Amino acid sequence: MAKLTRSTHPAPVFPEKILQFGTGVLLRGLPDYLVQKANSEGRFEGSIVIVKSTDSQTDEFSEQDNLYTVAVRGLQQGKEVSENTIVSAISRVLAAQTQWNDVLVLARNPKLQIILSNTTEIGLNYVEESIFQHPPQSFPAKLTAFLYERFRSVGGSKAKGLIVIPTELVTDNGLKLRDAVEQLAQFNELGKLFTKWLKFHVRFCNSLVDRIVTRPTESAQQLVQQETGYEDHLLTFTEPYHLWAIEGDDRVRQTLSFAGPSTPQIIIDEDINFYKERKLRVLNGTHTLTMPLGYLLGLETVADEMVHPAMSTFIESLMLKEIVPTVPNYGIPGMDKAAVEQFANDVLDRFRNPHLDHLLLNISLQQTTKMQARNVATLQRYYEQFHQVPNLMALGFAAYLLFMKAVREEKGQFFGEIPLPSGGKLNYPIRDDKAGYFYGDWKTVRKGVPSTVQPFVKSVLSDVTIWQTDLAILPGFVEAVAQYLNDMLASGVEKTLTKALS
């Protein structure tokens, strides 16, 4: 079978308008995919230069002439979607370790307009270092070096300013990156004129990306290759739903010409808090409140949860009846209650997608931090609106406490345990900074002594250092969580869930 290349699949080459730090699947499956769509419709006509920082190997791209396929699979408004798109928007992939001079030369390109990034969540942090290394180590230092080279080549020109859009899943990612760059400019003594150009002519935009993008399983890859008739070692799997919300003004709208009326999935607005809040509460919050229950039932993926009768009912009811009503309503079309409800129904379609292996154990990473960030405000808002215990949230919280019950520690790693139908037991890693805290607190709960459960629950819920508030003061919440936890310890998770839904 032939490999995907420009010889077998000719594609136009456009001027290089975008510099992208990162080669990961999220960038390939969302921003790069959207640029490709715009190019094919004649709305942008620009290409992307990628900088790879992790190592110096770029063969996987060069061997395919920087082409790759995005395979979209899943449900959208109840309908099955299957689409293959060849992305030809990438012109080059440069290795920072060995081609840093080539990256700096790109800074002098007058047609360059936009910088994108997706590093790690800590990749936007400020690190005190010289930007004159080849290359600098941290991403903010690489970006500062690039921007300084740009400034030197254009003489501080307003017309040659840039739009910088980080896509890392960090609150106010644009502001955080700007702060790091400004600190690096000061540490490296880059001068007042550069600082002025940076302030007025380089726009850092907060952004929110929402799309599940994965690498395909071996069987899925073979199926797609049979469909397309070519080999693609960069094949990228994704869901139909996608959203890219960017905080920006008219200048940003004008520069990002790949966004427009035909791409409602790209939202450019001076305030994107509605979209951040909606995703955080409805999508992320539901994941965090349901993952422990699903995993303790012996399920492996989100799609497994959605074919489990009781679990799918729990997820839908929790989302639609207890979370959606608490999301702030901006009262304008597209930012109102109807938009939240439509998003929730889209999320349920996404959860049902059998083509994506969204592992529950991956969702469990830093579960305590996620629970605080995603669900504490939702819980408080529910009480403010309804003045009663949200029973499904209470069950989800009780399952979280049970999931955090470690049975052993090995070299600082804690492990939980669930019983198997065969009679054996399965150990799982608890990858949470608070695992040691719970390991100690769970020792206060004595097996077969229900009266020890409620003091444990109250102790955890009242810990302000974890929740940034005292959750034990919410009327009836301690009692409800303790009752569900007692039921799971005595009768098992499945019976407790079935009883709660009856």
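What follows is a short chat about reading a few features of this predicted model.

Colleague: Let's start with one residue. Is Thr-144 buried or exposed?

Modeller: Buried is the word for a residue under 20% relative accessible area. Thr-144 has a value of 0%, so it counts as buried.

Colleague: Where does Thr-144 sit, and which residues does it touch?

Modeller: You'll find Thr-144 in helix 5, which runs over residues 139-154. Leaving aside residues up to four places away in sequence, Thr-144 touches Ile-131, Val-181, Leu-184, Ala-185, Leu-190 and Phe-194.

Colleague: On to the rings. How many aromatic pairs are there?

Modeller: Rings pair if their centres lie within 6.5 Å, and by this rule the count comes to 24 aromatic pairs. Take Tyr-400 and Trp-467: their centres are 6.2 Å apart, with 80° between the planes, and the pair is edge-to-face. That pair links distant parts of the chain, with Tyr-400 in helix 16 (residues 391-403) and Trp-467 in helix 19 (residues 464-467), 67 residues apart. Both Tyr-400 and Trp-467 are buried.

Colleague: Which residues form an aromatic cluster with Tyr-400 and Trp-467?

Modeller: Phe-397, Tyr-437, Phe-438 and Phe-477 join those two in one aromatic cluster. Tyr-437 also has a charge over its ring: the charged end of Lys-434 sits there, 5.8 Å from the ring centre.

Colleague: Where does the charged end of Arg-408 sit?

Modeller: Over the ring of Phe-415, at 4.3 Å from the centre of that ring.

Colleague: Now the sheets. What is the order of the three strands in the open sheet with antiparallel pairing?

Modeller: To read a sheet, follow which strand pairs with which. Here the order is 14-15-16, and the pairing is antiparallel. Strand 14 (408-410) and strand 16 (425-430) are the edge strands, each pairing on one side only. From one strand to the next, the twist averages 35°. Strand 15 (residues 413-419) pairs with strand 16 over six bridges, and Phe-414 stands opposite Ile-430 in strand 16.

Colleague: And the open sheet of four strands: why is one side of strand 4 and of strand 10 left without a neighbour?

Modeller: That sheet has the order 4-3-11-10, with mixed pairing. Strand 4 (79-87) and strand 10 (213-214) stand at its edges with a single partner strand each, so one side of each has no neighbour in the sheet. For strand 10, look at strand 11 (residues 236-238): the two pair in the antiparallel sense over two bridges. Val-213 stands opposite Thr-238 in strand 11.

Conventions
Residues numbered from 1 in each chain as written. Predicted model: local features only at pLDDT ≥ 70, side-chain atom pairs only at ≥ 80, totals over all residues. Heavy atoms only, no water. Buried < 20%, exposed > 50% of the residue type's maximum accessible area, 1.4 Å probe, protein only. Contact = heavy atoms within 4.5 Å. Phe/Tyr/Trp six-rings, centres within 6.5 Å; stacked < 30°, edge-to-face > 60°. Lys NZ or Arg CZ within 6 Å of the ring centre and 35° of its normal. Pairing = 2+ DSSP bridges. Axes fitted to C-alpha atoms, helices over the stretch in contact; angles between N-to-C directions.
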